[in-house]
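Please open the model in your viewer and keep the selection panel at hand. The tour goes from one selection to the next.

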Amino acid sequence: MRLENQYDSGMTAKEYSAHSIENAAGDIGRQFLYRHISAYPKEGRLIAIGCGTGLDLAAYKKMGFTHLVGIDPSEKFIAETQTLLGNDSEIRRGTFEEIPYDDDSFDLVTTRFALHYSKDIPKAIKEIGRVLKKDGALVAVISHPLADSLETPDREGNITITLFKGNVPITFPQHTLSDYFSEEFLKDFDIRSLFEYCGTEQDRGVNGLPNALGFVAIKR
Ligand SMILES: C[S@@+](CC[C@H](N)C(=O)[O-])C[C@H]1O[C@@H](n2cnc3c(N)ncnc32)[C@H](O)[C@@H]1O
C-alpha cells in the first residue's frame with residue numbers, strides 16, 4: 001500500500017472527513033495550533049502540509065490570514081479543501097518530501113497529524129526548512145512517538161492504528177522521537193514549545209499516556 005494514497009480510498013476519506021468535523025470543537029491539539037498560529041501577522045504566507053479536508057485552513061482564513069496554501073497527496077482531500085476554501089487559496093498536490101514551492105516562500109509551515117506518514121523524515125524536515133523563511137515557524141501536531149513505540153510494526157516498519165472509535169484504520173511508519181528532533185533538525189530549528197496530550201481522535205489512550213505531540217520550532 002502507498003501510505004500517502006490511503007486517504008484516496010472512498011470510505012477512508014469520507015469517514016475521516018465526517019468524524020474530523022464532528023470532533024473539531026473539543027480538540028485540544030487544534031487549540032494548541034490555533035493559539036500559536038493566531039499570534040503571527042495575518043499578512044504572512046502560511047502553508048498547511050497534509051492539509052486533509054482543509055478544516056484548519058478554513059480556521060486560519062477566519063482568523064484573517066490572507067495568503068493561504070494547502071498541499072496534500074490525496075486528490076479527494078484536495079478537492080474537498082478547494083471547495084471549502086474557495087478560489088482565494090492555493091490548494092495543490094504535494095508531499096513533505098517534495099514541497100512544490102521555492103526556497104524561503106513561507107512565514108509559517110503548519111501540519112496536523114500528517115508528518116508521521118512520511119517515510120523519509122530527514123527529507124521532510126529538510127524540505128520544510130527549505131521553504132520556511134529565516135525566523136519563520138513550524139507549528140505541528142504529530143502522532144506521539146511514545147504511543148507509536150507501543151505498537152508492533154509490520155515487516156516494512158509500519159504500524160496500523162484506528163481513529164474515531166475504530167471507524168478509520170490508518171497505517172504509517174513507526175518513528176522515534178529522535179527521528180523528528182535529530183541533530184540536523186536542531187541545527188536548523190530552535191524548539192520554542194512542546195505540548196503532549198491525550199487526544200480523543202486516536203483510539204489509544206493507554207493509562208492516560210499522551211498519544212499526540214505538538215511543537216513549535218523556529219527556523220534559524
Ligand atoms: C490524519 S490526516 C490529517 C489531515 C488534516 N491535517 C487534519 O488534521 O484533518 C493525514 C493527512 O496526511 C496526508 N499525507 C499522507 N502522506 C503524506 C506525505 N508524505 N506528505 C504530505 N501529506 C501526507 C494524507 O493524505 C492526509 O490528508
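What follows starts with the sheet, moves to its helices and ends at the ligand.

This is a predicted model, in which local features need pLDDT of at least 70 and side-chain atom pairs count only at pLDDT 80 or more, while totals for chains, interfaces and linings use all residues. Residues are numbered from 1 along each chain as its sequence is written.

Select the strands first (DSSP runs of E, at least two residues, numbered from the N terminus): seven of them form an open sheet with mixed pairing in the order β3-β2-β1-β4-β5-β9-β8, where pairing requires that DSSP finds at least two bridges between two strands. At the edges, β3 (90-93) and β8 (189-197) each pair on one side only.

Next, select residues 132-143 and 212-219, the strands β5 and β9, which pair in the antiparallel sense over seven bridges; among the residues to label is S143, whose bridge partner in β9 is A212. Helix α2 (residues 28-37; helices are DSSP runs of H or I, at least four residues) packs on the sheet and touches β4 (106-112), β5, β8 and β9, contact meaning C-beta atoms, placed from the backbone, within 7 Å.

Then select residues 55-63, helix α3, which packs on the sheet against β1 (45-49), β2 (67-72) and β4. Its buried residues (20 or more other C-beta atoms within 10 Å of their own, with C-beta atoms placed from the backbone) are L55, D56, L57 and Y60. After α3 comes G64, with a positive phi near 115°.

Finally, select the ligand, which 21 residues surround, the closest being G50, G52, T95, A114 and Y117; a residue belongs here if its C-beta atom, placed from the backbone, lies within 6 Å.

Terms used
Two residues are in contact if their C-beta atoms, placed from the backbone, lie within 7 Å. Axes are lines fitted to C-alpha atoms, for helices over the stretch in contact, and angles run from 0 to 180 degrees between N-to-C directions. A residue is buried if 20 or more other C-beta atoms lie within 10 Å of its own, exposed if 12 or fewer, and partly exposed in between; C-beta atoms are placed from the backbone.
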